[in-house]
Amino acid sequence: MEQPLPSVVIVGRPNVGKSTLFNAITGRRRAIVGDEPGITRDRLHGEALYAGRRFQVVDTGGLLPSESADLPAQILKQARVALERAAHIIFLIDGRSEITAADRDLAQLLRRLGKPVSLAVNKIDVPAREELVHDFHSLGIPDVFAVSAEHHLGLDELLEHVTAGFPLSQPPPPAPAIRVAIIGRPNVGKSTLLNALVGQQRAIVSPTPGTTRDAVDETVVRDGVPYVFVDTAGIRRKGKTRLMAEKLSVMMARRHIRLADVALLVLDAAEGVVGLDAAIAGYAHQQGRALICCVNKWDLRSGRDRPAFERLLRGELKFLDYAPVAFVSALTGAGVPRLFELVREAYRAASQRIPTGELNRLLAELKVQAEPRILYLTQASVRPPTFVVFTDRPEPLHFSRERYLVNRIRERFGFQGAPIVIKTRVRRSRARR
């Protein structure tokens, strides 16, 4: 016998956009949408599919728990039937208005049900309104999402959370390939490393610097994970690049850095870390790419003191303290297989999303007292992981405080191999709003 679909119930007071959200999730204009409050009265049912998980969506009439009139009471009765069967509840609220007594009553009612509840703050359709979202944490629901049902903004994050425990109803889509740019200055062994990674002579290898001009890419599947490795042209300083073909190659190399998920920065162990290595690493860092330092030709290094070389590297490339270091010999293949694991972990770290509730629990534990005061912390995006800090003053955080916050986030949540971006916004007072 086929199991019934998990039920996701959308609730909220009248005219907050429940029917618009219902239509957005189901992908069909099933519910009537209008500016007049109270258009939806009966329960509406629809089916939706997200990330291979099929579920039922229920749109309820606008709820006013304290109303005793006949029609609101009937709507509440209909909604209670749906709530009792719900696998997850989306409590939708209007992000452009103040929290009302009806919102607080409904939040209290939903918490007493003991069901999973997500608070979706609707009508957040421009970046300027995102700072309003944190006010709604006062309703006591930890999982808060900024959405715009009309413009389909923020729905992926909301549905990813809501459907996380639902069974897969069909085979999941194939995992996207991790795109890896092999970058570095000329003649450090990038093409040899590509050949070692793909297991064949894919790129021309020559001791002559600048042999690679066109970006060479190859797809490899390892342990079920597809990778696309792109061997880029060696990047020279602008003053050293004279031929038009070389200039175009360098431009393409920088473009492939922008398009990559992970960058493999290849260094020459025999020559050590030079100034151009730092400049090339800076391109990837500024683009927010996850990054791995790959020390090639390690078999040629006399002494082979890995800790000493890594200390040297960290000293020269201080801004890459998050990047793991791998010692390899592309010519012999030593250490190359480990790069697949490092790339996979760096990609996972760069794609990691931390719930707002966990971030603010960390913030409460830190008890940072300096000015400007940090009021709230949320993650805005991934690849690179970007966090927004809301403060009580318009001035930006001091570098040292920003650094302290990044380090604490790394200690708690990892993010090895991925740069962390911190953005500061001031919370406008209620009076000014």
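Good morning. In this protein, residues 24 or more positions apart account for 68% of the contacts with a separation of 6 or more. The model under discussion is a predicted one, and that should be kept in mind throughout. The secondary structure amounts to eleven helices and 15 strands. Of the 433 residues, 48% are buried. The accessible surface is about 21300 Å², and carbon and sulfur atoms contribute 50% of that area.

Let me turn to the six-stranded sheet. It is open, with mixed pairing, and the strand order reads β2-β3-β1-β4-β5-β6. At its edges stand β2, residues 44-50, and β6, residues 144-146, each of which pairs on one side only. On average, neighbouring strands here are turned by 25 degrees against each other, direction being ignored.

One pairing in this sheet may be followed residue by residue. Strand β3, residues 53-59, runs antiparallel to β2, and seven bridges connect the two. Within this pair, glycine 46 is placed opposite valine 57 of β3.

Which strands does helix α3 lie across? This helix, residues 101-113, crosses β1 (7-11), β4 (88-94) and β5 (117-122). Its direction makes an angle of about 170 degrees with that of β4.

I now move to another sheet, further along the chain. This is an open sheet of three strands, ordered β13-β14-β15, and its pairing is mixed. Strands β13 (374-381) and β15 (421-426) each have a single partner strand, so one side of each is left without a neighbour in the sheet. For this sheet, the average turn between neighbouring strands is 25 degrees, again with direction ignored.

Strand β14, residues 386-391, and β15 run parallel and are joined by six bridges. Phenylalanine 390 faces arginine 425 of β15 across this pairing.

Two helices are to be described together with these strands. Helix α10, residues 356-366, lies across β13 and β14 and runs at about 145 degrees to β13. Helix α11, residues 399-413, packs on the sheet and touches β13, β14 and β15. The direction of α11 makes about 120 degrees with that of β15.

Next, helix α7. Its twelve residues, 275-286, reach 17 Å from the first C-alpha to the last, close to the 16 Å expected at 1.5 Å a residue. Which residues of α7 are buried? They are Leu276, Asp277, Ile280, Ala281, Gly282 and Ala284. Just after the helix comes glycine 288, which takes a positive phi of about 75 degrees.

Finally, the cysteines. How many disulfides does the structure hold? The number is zero. Cysteine 293 is in no disulfide, and the nearest cysteine sulfur, that of cysteine 294, is 9.0 Å away. A disulfide would require the two sulfur atoms to be within 2.5 Å. Cysteine 294 is likewise in no disulfide, its nearest cysteine sulfur being that of cysteine 293.

Are these two residues buried or exposed? Cysteine 293 has a relative accessible area of 0%, and is therefore buried. Cysteine 294 also counts as buried, at 0% relative accessibility.

To close, I return to the two sheets. The six-stranded one is open and mixed, with β2 and β6 at its edges. The three-stranded one is likewise open and mixed, and helix α11 packs on it. Thank you for your attention.

Definitions and conventions. Residues are numbered from 1 along each chain as its sequence is written. This is a predicted model: local features need pLDDT of at least 70, side-chain atom pairs count only at pLDDT 80 or more; totals for chains, interfaces and linings use all residues. Side-chain values use heavy atoms; hydrogens and water are left out. Helices (H or I, at least four residues) and strands (E, at least two) are DSSP runs, numbered from the N terminus. The expected span of a helix is 1.5 Å times one less than its number of residues. Buried means under 20% relative accessible area, exposed over 50%, partly exposed in between (1.4 Å probe, protein chains only). Two strands pair if DSSP finds at least two bridges between them. Axes are lines fitted to C-alpha atoms, for helices over the stretch in contact, and angles run from 0 to 180 degrees between N-to-C directions. Contact means heavy atoms within 4.5 Å. Accessible areas come from the Shrake-Rupley method with a 1.4 Å probe; for residues, only the protein chains shown count as cover.
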